[in-house]
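Thanks, everyone; let me put the structure up on the screen, and then I will talk through a few parts of it in turn.

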Amino acid sequence: EHHPSESMSGGASPSSPSRRTWWNIKVAGGTKAGKIYLGANIMRQDGGDLCLCGYDDESSRQRWCIEEGGQDWFRLRVAGGTNSARRFLGVAAAASGGVAGGAGAGATAVELCARDDGSGRQRWRLSASRRSASQMNKQLWYLIQPFGSSLCLSGDKSGRVWLVDGDSGTGQERWLIPHWQACEDTASSSSAPPRTSAAAETGCNRSSDEIALIASRSGSEGAVTLADLRPEQMTRVLNNNRNLGAAIDLVGCYLKNYEIDKADRVCRRIEPLCRERGGLWLFKLLNMYSTVRMKQSRYQEALAMYEEYEDLIGLDAEEQWELYDTVYRNFGWIHCSMGNHEKAMHYFRRCVEIKKKNGVPPHWFDQWDLGKTHARLSVSKGDFGALEHSLEMIKKGIDLHQQVEQQDKVMLCKMLNSAGECASLLGDFAAFEASRPWHEEAV
């Protein structure tokens, strides 16, 4: 089902309580990336009718109509994307005797029903609170409970949804319903969040969204209108698959044009959205964001991000050796920038080893990285004679580079500069008679 009259933010005006609308319902914590939004499965599965999703995929299965019922209770109806027999959230019929199919030990299953059958299974109490752990930033959250029951709707790390006894305090039983407002005449104060003024509903906070500021200065007249969106509208716009992908690509464009601060602002704005989705979205963002941190010389943060990036790969190095070749090289660069030359050498050697295992000779980049890092390590140890070996590795890298990429003069200049620095240092610390040849080679 799609309702064209709905607002972009998914909310209704306080003055129109009867207007049909939908809301995203998100678990407050205690789950993994990609397990955030309360959603309906297309078809009933082993885990039941409900699941936790990474984002609103616009199928309407992650959108919920919160319908007012009697005193202090609501019906939760999935906005669409399922057949008519699976619409209303309810306690599973088999649950009256205890654990139902799809629920874990000590849990009660939930299901989607065709209608409110009057049994009370499809009626829910939403109890609001701001009492929370510090990491939840005192957000307004809700316990979603079957009317007249102490059970709580809960989501776990695997993405399953069921009812459990009480609030565990982990965030798994606490649900965020961004911008939802219950109606005063049907909801008690414990069920409804504080009401905001109409001005606050319609006002625009032009300074609260840095993406809007960037867009408004981009020179595109169409982009200026983004500044007129409320923050929640901007989030919904950005959370569109195509727009979020374009935002990640925009980071790459800013990096290539050395606009590092803009790249950083985009990353900070979209990081929460990518973390909600997890998977490839977070994978791609971390790759970009760690590069931004490297450009900002914030190496410790870059290392932490890249370690998280490696954890997301989920494949053995033997299966995806080409990907790990890049991963090892990037780890080497990060450690080299931090002055951890031993660790950097370890990763650069792994680049060579993984290629050899797969019948691929070392790349000119490998020789250059090994030579530069060996030189830095030798200087840090005061072993200036070892710079001869460093120079030989760099020169070998130059030879390999010239064999395959003769047109790349910029990279050749960088490599020649590295070789010149090695030769110059050898001349500086050699005996007077032996210094001249090294200085000449450096020139």
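Ile270, if we leave aside residues up to four places away in sequence, touches Leu238, Leu244, Ala247, Ile248 and Leu285. I should say at once that this is a predicted model, and everything that follows should be heard with that in mind. Ile270 belongs to the largest nonpolar core, which has 38 residues, and together with Val251, Leu255, Val292 and Tyr328 it is listed among those with the most contacts inside that core. At least two residues of this core come from each of helix 4 (231–238), helix 5 (241–256), helix 6 (260–277), helix 7 (279–295), helix 8 (299–313), helix 9 (321–337) and helix 10 (341–357). There is also a second, separate core, of 27 residues, which includes Leu52, Trp64, Ile66 and Leu151.

Now to one pair of helices. Helix 9 and helix 10 pack with their axes 8 Å apart and at an angle of about 165°, and because that angle is over 145 degrees, helix 9 is roughly antiparallel to helix 10. Their crossing is left-handed. Among the residues that meet across this pair are Trp321, Tyr324, Tyr328 and Phe331 from helix 9, and Tyr347, Phe348, Cys351 and Ile354 from helix 10.

Finally, a charged residue: is Arg77, in strand 5 (residues 74–78), buried or exposed? With a relative accessible area of 8%, Arg77 counts as buried, because the cut-off for that term is under 20%. The side chain of Arg77 is joined to that of Glu67 by a polar contact of 2.6 Å.

Terms used:
Residues numbered from 1 in each chain as written. Predicted model: local features only at pLDDT ≥ 70, side-chain atom pairs only at ≥ 80, totals over all residues. Heavy atoms only, no water. Core = buried A, V, L, I, M, F, W, Y, C linked by side-chain atoms within 4.5 Å. Buried < 20%, exposed > 50% of the residue type's maximum accessible area, 1.4 Å probe, protein only. Helix = DSSP H or I, 4+ residues; strand = E, 2+ residues; numbered from the N terminus. Contact = heavy atoms within 4.5 Å. Polar contact = N/O pair within 3.5 Å; in protein donor to acceptor, adjacent residues only side chain to side chain. Axes fitted to C-alpha atoms, helices over the stretch in contact; angles between N-to-C directions. Parallel < 35°, antiparallel > 145°, perpendicular 65-115°, else oblique. Left-handed = near helix turned anticlockwise from the far one by under 90°.
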